[in-house]
Amino acid sequence: MTFMFYATAVLVVVFLLTVAFVRADAATVARTLGLAGPALLGLAGLGLLAFGRVGLAGAAFSGAAAWYLSGQRRRAAQPTPGKRSTVRTAALEMELDHDSGALAGIVLAGRFEGRQLASLSRDDLVALYRELEGEADSLQLLEAYLDGRFPGWRDGMDAHVGGGKGGPPGTGAMTEQEAYQVLGLEAGASTADIRKAHRRLMQRVHPDLGGSSFLAARINEAKDVLLNGHD
């Protein structure tokens, strides 16, 4: 009778788990297996250890640890949906989408004030660029946007336009609040989260990968500001 009770209970649990597995989306299943798999393998190791199978138990423990760490690395390498970084200058506010690497922005000053960059034509953006001459950070930020949307925008223009002569970025000291916005993090983020966000963003904007030297410099500055605050 006792055997039948426990067997029935096991069958019910297996049935419920099967139903949950079928209804769950792929991401949920992957996360569950990534946690439950190593745990079950570790429990198997304990069982083998209890029966004196030390060698097999050690192999099970090693496999469980490797499985878990591999899953952690894969999750760390995946983009975080919906994350955005914000960079603001005197004339522009730009957002970088962590998933796609796409830039979007709004004009904060001048005759295009309040306009989304996406609503401006190439000629409008070039006019904005000329209007911002002398505003180093804004020029370099606009260059990064133009390079992504109109890769050949410099063709046929004056030699000095788009030449990256805007000067060094970050003319004022970056605050912690700005640094969190640049890295797309919530205030109080851990050191590990800061390094992870910095690494992921640099993979998007590093100049060697066709990105923007200005944005890369701002991201590096944001990381330094926040890590110094954790010392």
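How much space lies in the largest pocket? Keep that one in mind; we get to it in Exercise 1. The model you are looking at is a predicted one.

**Exercise 1. Explore the largest pocket: give its space, then find what lines it.**

*Solution.*
Step 1. Start with the space: the largest pocket holds about 410 Å³.
Step 2. Now look at the walls. The lining is made up of 21 residues, and those nearest the centre of the pocket are A144, D147, G210, G211 and S212.
Step 3. Next, sort the lining by element. Two or more lining residues come from each of α5, α7 and α8.
Step 4. Pick out the top contributor: α5 gives the most, with seven residues.

**Exercise 2. Work out the overall layout of the protein.**

*Solution.*
Step 1. Count the elements: you should find eight helices and three strands.
Step 2. Walk along from the N terminus, and the order reads α-α-α-β-β-β-α-α-α-α-α.
Step 3. Turn to burial. Of the 231 residues, 32% are buried.
Step 4. Check the contacts whose partners have a separation of 6 or more: 50% of them link residues 24 or more positions apart.
Step 5. Finish with the outside. The accessible surface is about 13,800 Å², and carbon and sulfur atoms own 60% of that.

**Exercise 3. Check the span of helix α5 and decide whether this helix is largely enclosed or not.**

*Solution.*
Step 1. Helix α5 has 14 residues, and at 1.5 Å a residue the expected span is 20 Å.
Step 2. Compare that with the model: the first and last C-alpha atoms of α5 are 20 Å apart, close to the expected value.
Step 3. Now for burial, where the cut-off is under 20% relative accessible area. Eleven of the 14 residues in α5 are buried, so the rest of the structure largely encloses this helix. Among them are A136, L139, L142 and A144.
Step 4. Ask what does the enclosing. The buried residues of α5 pack against strands β1, β2 and β3, and against helices α4 and α8.

**Exercise 4. Do the same for helix α8, and find what caps its N-terminal end.**

*Solution.*
Step 1. Helix α8 covers residues 213-229, which is 17 residues. At 1.5 Å a residue it should span 24 Å, and its end C-alpha atoms are 24 Å apart, so the two agree.
Step 2. List some buried residues: F214, L215, I219 and L226 are among them.
Step 3. See what they pack against: β1, β3, α5, α6 and α7.
Step 4. Look at the N-terminal end. The cap is S212, with a side-chain oxygen 3.2 Å from the backbone nitrogen of F214.

**Exercise 5. Find H98 and H198, and say whether each is buried or exposed.**

*Solution.*
Step 1. Locate them. H98 sits in the loop between β2 and β3, while H198 is part of helix α7.
Step 2. Apply the cut-off for buried, which is under 20% relative accessible area. H98 has 4%, so H98 is buried. H198 has 12%, so H198 is buried too.
Step 3. Look around H98. The side chain of H98 makes a polar contact of 2.7 Å with that of S85. Beyond sequence neighbours within four places, H98 touches residues including R84, L183 and R204.
Step 4. Look around H198. Again leaving aside neighbours within four places, H198 is in contact with L183, I219, N220 and K223.
Step 5. Take one last distance: H198 and V182 are 16 residues apart in sequence, and their C-alpha atoms are 9.4 Å apart in space.

How values were computed:
Residues are numbered from 1 along each chain as its sequence is written. This is a predicted model: local features need pLDDT of at least 70, side-chain atom pairs count only at pLDDT 80 or more; totals for chains, interfaces and linings use all residues. Side-chain values use heavy atoms; hydrogens and water are left out. Helices (H or I, at least four residues) and strands (E, at least two) are DSSP runs, numbered from the N terminus. Buried means under 20% relative accessible area, exposed over 50%, partly exposed in between (1.4 Å probe, protein chains only). Contact means heavy atoms within 4.5 Å. Accessible areas come from the Shrake-Rupley method with a 1.4 Å probe; for residues, only the protein chains shown count as cover. The expected span of a helix is 1.5 Å times one less than its number of residues. A polar contact is a pair of N or O atoms within 3.5 Å; within protein, one must be able to donate a hydrogen and the other to accept it, and residues adjacent in sequence count only if both atoms are side-chain atoms. On a 1 Å grid over the protein atoms alone, a cavity is a set of points where a 1.4 Å probe fits but cannot get out, and a pocket is an open set with protein on both sides within 12 Å along at least five of seven lines; lining residues have an atom within 4 Å of a point. Grid points are joined across faces, edges and corners, and a volume is the space filled by probe spheres set on the points.
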